[in-house]
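Here's a quick tour of a model, with one helix and one chain in the spotlight. Have a look at the structure, then read on.

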Amino acid sequence: MAEKVIQEEKRVFMTGNEVVAWGALAANAEIMYGYPITPQNEIMHYWTRLAPKNEREFLQTEDELSAGFTTNGGVMAGRRAFTATAGPGNTLMQEPISMAEAMRLPTVTIVQQRGGPSTATVIYSQQEVTLTTLGGNGEGLRVVYSTATHQELFDYTIKAFNTAWKYRFPTFVLADGYQAKMRESLVMYDPASKGIEMFPTEPFVGKEGTPGVDREPGHFRNTYNVEEELYDVLQEHFADYNKMTPEVAEYKEIGSKESKVVVIAHGVVARGAKAAVEDLRAEGFNVGFFRPVTLRPLAVPELREVANNADKILVVESANGQMDRLLKEAIYGCSAEMLSLFKPGVGITAEEIEARVREIV
Amino acid sequence: MEGYIGEYASGKSEVAVNRAIDLFNQGHQDVTLVDLDIVEPCYTLRPIKNELQSLGLHVLAWETRETIGLGEAGNVLRAENKWALRRDGDVILDIGYGAEGAKTLNLLEGAKEEENLHLLVVVNIARPMTATVNDIVEYVNGMGTVHGLINNSHLGDDTDIDIIQEGAQMVSQAAKRLGLPLVATAAVQELAEQMNWRDCMGNPVRGLKRYMPCTLW
């Protein structure tokens, strides 16, 4: 591979899509497979500009089904491979991602959410939470990081590759069209300079030696003959997933475990929620903030602690309760009353959140 | 007549908008600002068209309700924009990004023959693709005919004088190698004042009021 992509730590000014391309480069991603869709296009544009200079590769496929399956293939060949999509592209990609889930392929997928259902709007929503966390005909055995800033887009794109290859579950960075197009500064760095070691890749297929003689044969299956066979394999996958969960579940919070009202938001909406909570706390209100960084798996023990201590939880999202459903499952039986501020497909400002909190405190 | 071109998110539109307003404020009666970005739906003049017109500028840009499939496909070039170079007074073009964006000029009537059209490349050294003197030279060489450079080095809300001055040095060196003038450095009003309206290389500083942050969509 060519010399280090990022020689020294540097503050730069970029759009979110570019940040993802640079993050993937810094994470030593070797190939992107992709099919264009707004608002993720510039991930592809920048990757294709950066790839030749850095000895990386790109394949534009005929659609998202193919982009997903070629990503699976790249991973099986031992390549640190990724793809990016949005909206109806994400819908199509659930088929290959289900296969990745079945075969435990460490694919990395960047999702820049746009409005739904269907083609809807090109720019923004948080309506791909259900699809990204639980889509496909599987059991949602994925890791989904929801970012809020350009710095996080860089950090978590790098992290996504490591999580995927370490635990072998399909991993997502879930952002949105606002983050994709917005411009702000961030610090780019060489992961090694921060002590981040890139988890090594290895091919699933085409290894040396005769299978069954020189090495264990690889069985990478998405088809089973009998129900019991599938059942047994899934039990192993669930066990691996549960073992991984405390190691990967992440959240951020402000006073969430000692406040009577707690605002829960994720992604770009969490920026507004955090600002609103900080304002209200400065005025002396007993309000806390909780932001799941991983939407799958959620930080369940911490959420339950919050939901057993608070009187009221206000869930704020640019969807009609897609995160809310995940939260309700996680905190089932806890005592807090669940309230909501849902604006599907529309941005939510700190002022709106602050006004809603004032109504309920 | 001036056209502003450059890297994605270099600040072309912000520099173009402020240039048009400055000219108007200097007493030029007829100042026309033209949106020639027919690809990118975000951070264009469309959302601030009415605000700029209320200041006294002529603004040739789509209004959101007139567009079809905004952001999903490219925009159609407005007929009025196609004839922008035939207008009286000052004409400021805000052109789409990159070398491909600069080709939008080919769609304008009279662009090839127009001798008074000056194309200025806006450079921000905090953009990774134009972060070194070599990168800037290579980038500008890929743009076709250009007449000068603008140093618009910044970090958004995190901008300080250091990045502007570092940009002034780097873009000056690149300009020298390209045989082009560095026309000006651009900086938000407050920092421009602190710099006493000259950068460290002696170039004039244009003060910017930021209009573009509210044009995300």
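Let's start just past the end of a helix: A:Arg104 comes after α4(A) and has a positive phi, near 55°. Keep in mind that this is a predicted model.

Now for the helix itself. α4(A) covers residues 87–103 of chain A, 17 residues in total, so at 1.5 Å a residue it should span 24 Å, and its end C-alpha atoms are indeed 24 Å apart. Still, α4(A) bends by about 40° at A:Gln94, with a proline, A:Pro96, following within four residues.

How much of α4(A) is buried? The count is 12 of its 17 residues, so the helix is largely enclosed by the rest of the structure. Both A:Gln94 and A:Pro96 are among the buried ones, as are A:Gly87, A:Met93 and A:Ile97. The cover over these buried residues includes the following elements of chain A:

| Element of chain A | Residues |
|---|---|
| α3 | 64–76 |
| β4 | 81–85 |
| β5 | 108–113 |
| α5 | 129–134 |

Over to chain B, which has seven helices and eight strands. Its radius of gyration is 16 Å, which agrees with the value near 17 Å for a compact globule of 217 residues. Along the principal axes, the C-alpha atoms of chain B fill a box of roughly 45 × 35 × 35 Å. Buried residues account for 47% of the chain's 217 residues.

Finally, the two chains meet: 15 residues of chain B are in contact with 15 residues of chain A. On the chain B side, that's eight nonpolar, four polar and three charged residues.

Note on methods: Residues are numbered from 1 along each chain as its sequence is written. Chains are lettered from A and ligands numbered from 1 in the order in which they are written. This is a predicted model: local features need pLDDT of at least 70, side-chain atom pairs count only at pLDDT 80 or more; totals for chains, interfaces and linings use all residues. Two residues are in contact if their C-beta atoms, placed from the backbone, lie within 7 Å. Ala, Val, Leu, Ile, Met, Phe, Trp, Tyr, Cys and Pro count as nonpolar, Asp, Glu, Lys and Arg as charged, and the others, Gly among them, as polar. Helices (H or I, at least four residues) and strands (E, at least two) are DSSP runs, numbered from the N terminus. The expected span of a helix is 1.5 Å times one less than its number of residues. The bend at a residue is the angle between axes fitted to the seven residues ending there and the seven starting there. A residue is buried if 20 or more other C-beta atoms lie within 10 Å of its own, exposed if 12 or fewer, and partly exposed in between; C-beta atoms are placed from the backbone. The radius of gyration is taken over C-alpha atoms; the globule rule is 2.2 Å times the number of residues to the power 0.38.
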